[in-house]
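Work through the exercises below with the structure open. Try each task before reading its solution.

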Amino acid sequence: MKIFQIALGILAAIGGFVDIGDLVFNVAAGAAFGYQLLWVVVVGVVGIIVYSEMCGRVAAVSEKAVFDAVRERVGFGAGLTTLIAAQVVNLMTLAAEVGGVAICLRLLSGLPYRWLILAAIVALGLIVWVVSFDWIERIFGYGGLCLLVFAVAAVKLHPDWGDVAHGFVPHVDTSDTLLYCYFAVGLLGAAMTPYEVYFYSSGAIEEGWGPKDLGINRANALIGYGLGGFLSFALMITGGALFLGQEIEPELLGSIAMGAQVPLGQVGLVLALIGILFAVGGASIDTLFSGAYNLAQFMGWEWGRYRSNAGAPRFTLTWLVLLVLALGIVMTGIDPVMLTEYAVIFSVVALPLTYLPILLVANDKAYMGRYANGRLANVLGATYFVIILAVSLSAIPLMILTNVGQS
Amino acid sequence: MRLAAYLLLATILLAGCNGGTVDLHALSNDSASIDSLACEGALLANEVADGDSLGPFTRVHAGELGTRASNFEDALSERPTTPGIERATRREAEKAGRIAALLDQLATADSEDAARLKSRLEREGDCP
């Protein structure tokens, strides 16, 4: 039964790993640089595994989610800065994901975009209001598994596997080094986006994890995110094999779906669109919850889906307000793919604010007792923190110098 | 906090700024993007010709590609240029217009028309 539970969690994590940021950056990176940036995905996936395991462990042992720990560990001022940065990035991401859902629905139905934005918002609100946490995870996680069609597409496109293997070794084989660095930063940001850890740690509390569940935490983080990274590889290989040779810059969600359509026909197209719909829809709910979790945890309000909507009124009101704000942003007509790029790059800037408190708390013996970080977790955590710091300092300059990845 | 907000705004404006005078670098970038739209359209046309697409998908995606091409046509036909590249810029605008028209046709094309549009898009975009 426990193995079954772990398997379900892992399946959900694979399907739920990819969001609009991963879709955009992985396929665009493949189209621009072939398989050269596959190694960055590995770096990003290991990073999210390391920090998710830590914050899941903190949640299971202390029964405190990330923002509880942030407020307690870094104080009100720094905590408030972290909260504001997290909420701004979260809202941008939420709006981009909602826009992505509407675009997918439009590609499937041909109906008008603005009506589909409204439909997406209403549907997401109803799902969050009515459906239990477990089922939300399962529905979107399993639906997102349709994205595995990109793995089949990648094979059917017959990439040069020697070049693919070479992509896992860090190297720069281009004259446009700045653009290469911009994509590297974006890929790292997409893999380690902060809402993932907020959602993961709060979810651990929702599911009532305790020290006995540390094995499930490790398995979910390691295998779930690890195999989720496999989808990122598939997307980048598809982008490289299909678009690079044809000199196409895939800038639309429809372009990404064509990555499965060209090698697999109508079936590939339908599976890709359904997979993208569920992946982006699931990420919308993750970001929506993350925003509400963050504020409620920071303010010390009642929070969580394990309570009824009326049982945590300010938490419920927060996610309703976030949904309305996202609606307002997407209704302006802003391009969700462009918004995604900004959201990912700004999330990179906020990464140190998210990950430093997790590292400090997970390493705090007074807080964690015998479950505090061991040597390996500390070495990995510290190494990644240095990487995150360097990447966050270079994100905005790179965005300006490359005109948001245009040159 | 106010300083941070100004910096954020300035960053977005600087990064998103795509207006003003067209120089050689911008023209070269825009030209590559226009060719990319044509080549992606040709790829989609090939799927339509083979009966491997869905009606709504073709309509919406070809329409989106067409809108982007049309935006390039508007921008490149109006924006001032640096000396010596005005004719090339206006020629590129005309090409973007032709590609936009082909993509609009693709949105409602049957498989026979799609095969014809594919070769025309490939020619316009100088696709590999």
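**Exercise 1: Two unusual backbone angles**

Asn403(A) sits in the segment after α16 (375-401) of chain A. The model is predicted.

Task: Find the sign of phi at Asn403(A), then decide whether Asn403(A) is buried, exposed or partly exposed.

Solution.
- Step 1. Recall the usual case: most residues other than glycine have a negative phi.
- Step 2. Read the angle. Asn403(A) is not a glycine, yet its phi is positive, about 55°.
- Step 3. Count neighbours. Asn403(A) has 18 other C-beta atoms within 10 Å.
- Step 4. Apply the cut-offs: buried needs 20 or more, exposed needs 12 or fewer. Asn403(A) is therefore partly exposed.

Task: Repeat the steps for Val404(A), in the segment after α16 of chain A.

Solution.
- Step 1. Phi of Val404(A) is near 55°, a positive value in a residue other than glycine.
- Step 2. Val404(A) has 19 C-beta neighbours inside 10 Å, so Val404(A) counts as partly exposed.

**Exercise 2: α2(A) against α9(A)**

Task: Describe how helix α2 (residues 20-33) of chain A packs on helix α9 (residues 177-191) of chain A.

Solution.
- Step 1. Choose the descriptors: two packed helices are described by the angle between their axes and the distance between the axes.
- Step 2. Take the values. The two axes come within 9 Å and cross at roughly 155°.
- Step 3. Classify. Angles over 145 degrees count as roughly antiparallel, so α2(A) is roughly antiparallel to α9(A).
- Step 4. Add the hand. α2(A) passes α9(A) in a left-handed crossing.
- Step 5. List the contact. α2(A) gives residues including Phe25(A), Ala29(A) and Phe33(A). From α9(A) come Tyr180(A), Phe183(A) and Leu187(A), among others.
- Step 6. Sort by class. The contact has nine nonpolar residues, three polar and one charged.

**Exercise 3: α4(A) against α14(A)**

Task: Do the same for helix α4 (residues 66-109) and helix α14 (residues 336-362) of chain A.

Solution.
- Step 1. The axes come within 9 Å and cross at roughly 155°.
- Step 2. α4(A) and α14(A) are therefore roughly antiparallel to each other.
- Step 3. The crossing of α4(A) past α14(A) is left-handed.
- Step 4. The contact residues divide into 22 nonpolar, eight polar and one charged.

**Exercise 4: Where the chains meet**

Task: Which element gives the largest share of the side of chain B that touches chain A?

Solution.
- Step 1. Size the contact: 24 residues from chain B, 26 residues from chain A.
- Step 2. Find the elements of chain B that give two or more residues: α1 (2-16), α2 (24-49) and α3 (55-78).
- Step 3. The largest share, nine residues, comes from α2(B).
- Step 4. By class, this side of chain B has eleven nonpolar, seven polar and six charged residues.

Terms used. Residues numbered from 1 in each chain as written. Chains lettered and ligands numbered in written order. Predicted model: local features only at pLDDT ≥ 70, side-chain atom pairs only at ≥ 80, totals over all residues. Contact = placed C-beta atoms within 7 Å. Helix = DSSP H or I, 4+ residues; strand = E, 2+ residues; numbered from the N terminus. Nonpolar A, V, L, I, M, F, W, Y, C, P; charged D, E, K, R; others polar. Axes fitted to C-alpha atoms, helices over the stretch in contact; angles between N-to-C directions. Parallel < 35°, antiparallel > 145°, perpendicular 65-115°, else oblique. Left-handed = near helix turned anticlockwise from the far one by under 90°.
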